[in-house]
Amino acid sequence: MCGIFKSNYEVIMDKIIKPKISKEIVTSNLNEVLEDEVSSAYFESTKLLNRIKNITFNGCVFKNVDFNKDLFTNVDLVDCVFDSCDLSGIDIDSKLFLRCEFINCSLVGANLTNVIIKSVAFKHSNLEYVNVSSECKNVFFDDCKLKNARFFECEFVNVKFDSCDFSNSEIYNTNLNNVDLSSSKLEGINTDLKSIKGAIVDLSGMIELSRIFGIKLKF
C-alpha cells in the first residue's frame, strides 16, 4: 500500500514542472535587451543598468545577476532559472511566474501582487519582508527565510514549505488547510483563525498559535 499512496510532499513535487531550458541557449547582455520577448538567453555576472519593463523572458537562465528594483518591473517569467541573483525590492504586479526556479537568491522586500505563480520553486533563498498577494499553485519553498514576510489574500493550491523561517511574518485571508508547516519556524507569526484552520504544525508551532488565540496549554 505504501507504494500506491503518495505523501502530500510527493504529490506537490510531481506537479512542479521544472523549467524547460533549450540546449541551444545563447550568452547575452541583459543591458542590451530591446525586444518584448527574450528566449533561450543566458545572462551571467552583470548588474542591470537599463530599464526592463513589460517584457517576457522565456527559457532564460540568470546567474549572479544584480537586478535594480527601479529598472525591473512588470515582467513575465516563463521557464526561467535564477541562480544566486539579487532581486531585492522588485515590484511585480499582475504578471506571471511559470515553471521557474529561484536558487540561492535574494528577494528581500519584493512585492509580488496579483501574480500568477505556478510550478515555481524557491530554494535556499532570502524572502524576508516579501509581500505576496497572489495565486500560488504547485509552489515549493525549500529552506527559505520568510522573516517578516506578508501573505495576504493568497490562493494556495499544492503549496509546500520545508524548513522555512516564518519568524514575525503575517498570514491573513489565506487558506492554509492541509499546508504542512511542521518543519518550519513559526516564532512570532501572526495570522487569523480562518487562515490557519487545518494547517499542519508541530508542538512548537502549536505553542505559537496558542499565543495568538489566547489558549493556555497544560503539559
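Strand S6, residues 72–83, is mostly tucked away in this predicted model: of its 12 residues, 10 are buried. Several other strands line up with S6, and they make a handy way into the fold. Strand S4 (residues 52–58) runs parallel to S6, and 6 bridges hold the two in register as a pair. Two of the matched positions are easy to look up: isoleucine 55 has valine 75 of S6 as its bridge partner, while phenylalanine 57 is partnered with leucine 77 of S6.

Strand S5, which covers residues 61–66, also runs parallel to S6, this time with 3 bridges. Here phenylalanine 62 is matched with phenylalanine 82 in S6. Then there is strand S8 (residues 96–103), which pairs with S6 in the parallel sense over 6 bridges. In that pairing, cysteine 80 stands opposite cysteine 100 of S8.

The pairing can be followed a step further, from S4 to strand S2. Strand S2 takes in residues 37–39 and is joined to S4 by 3 bridges, again with the strands running parallel. Serine 39 sits opposite asparagine 58 of S4. Taken together, S4 is bridged to S2 and also to S6, and S6 in turn is bridged to S8.

Helix H3 gives a look at another part of the chain. This helix spans residues 203–212, and its buried residues are Gly205, Glu208, Leu209 and Ser210. What do the buried residues of H3 pack against? Their neighbours are strand S14 (190–191) and helix H2 (193–196). After H3 comes glycine 214, which has a positive phi, near 70 degrees.

Strand S1 (residues 26–27) is a short stop on the tour, and threonine 27 is part of it. Is threonine 27 buried or exposed? Its relative accessible area is 63%, and since anything over 50% counts as exposed, threonine 27 is exposed. The C-alpha atom of threonine 27 lies 40 Å from that of isoleucine 171, a residue 144 positions away along the chain.

Now for the chain as a whole. Its secondary structure adds up to 3 helices and 14 strands. The radius of gyration is 18 Å, close to the 17 Å that the globule rule gives for 219 residues, so the chain is as compact as a globular protein of that length. Along the principal axes, the C-alpha trace spans about 65 × 45 × 25 Å. Buried residues account for 46% of the 219 in the chain.

Contacts tell a bit about how the chain is wired. Among contacts with a separation of 6 or more, 9% are between residues 24 or more positions apart. As for the surface, the chain exposes about 11100 Å², and 48% of that comes from carbon and sulfur atoms. Charges round off the picture: there are 25 positive and 31 negative side chains, and the centres of these two sets are 5 Å apart.

Notes
Residues numbered from 1 in each chain as written. Predicted model: local features only at pLDDT ≥ 70, side-chain atom pairs only at ≥ 80, totals over all residues. Heavy atoms only, no water. Helix = DSSP H or I, 4+ residues; strand = E, 2+ residues; numbered from the N terminus. Rg over C-alpha atoms; globule rule 2.2 N^0.38 Å. Buried < 20%, exposed > 50% of the residue type's maximum accessible area, 1.4 Å probe, protein only. Contact = heavy atoms within 4.5 Å. Areas by Shrake-Rupley, 256 points an atom, 1.4 Å probe, with all protein chains shown as cover. Lys, Arg positive; Asp, Glu negative; His and termini not counted. Charge placed at Lys NZ, Arg CZ, Asp CG, Glu CD. Pairing = 2+ DSSP bridges.
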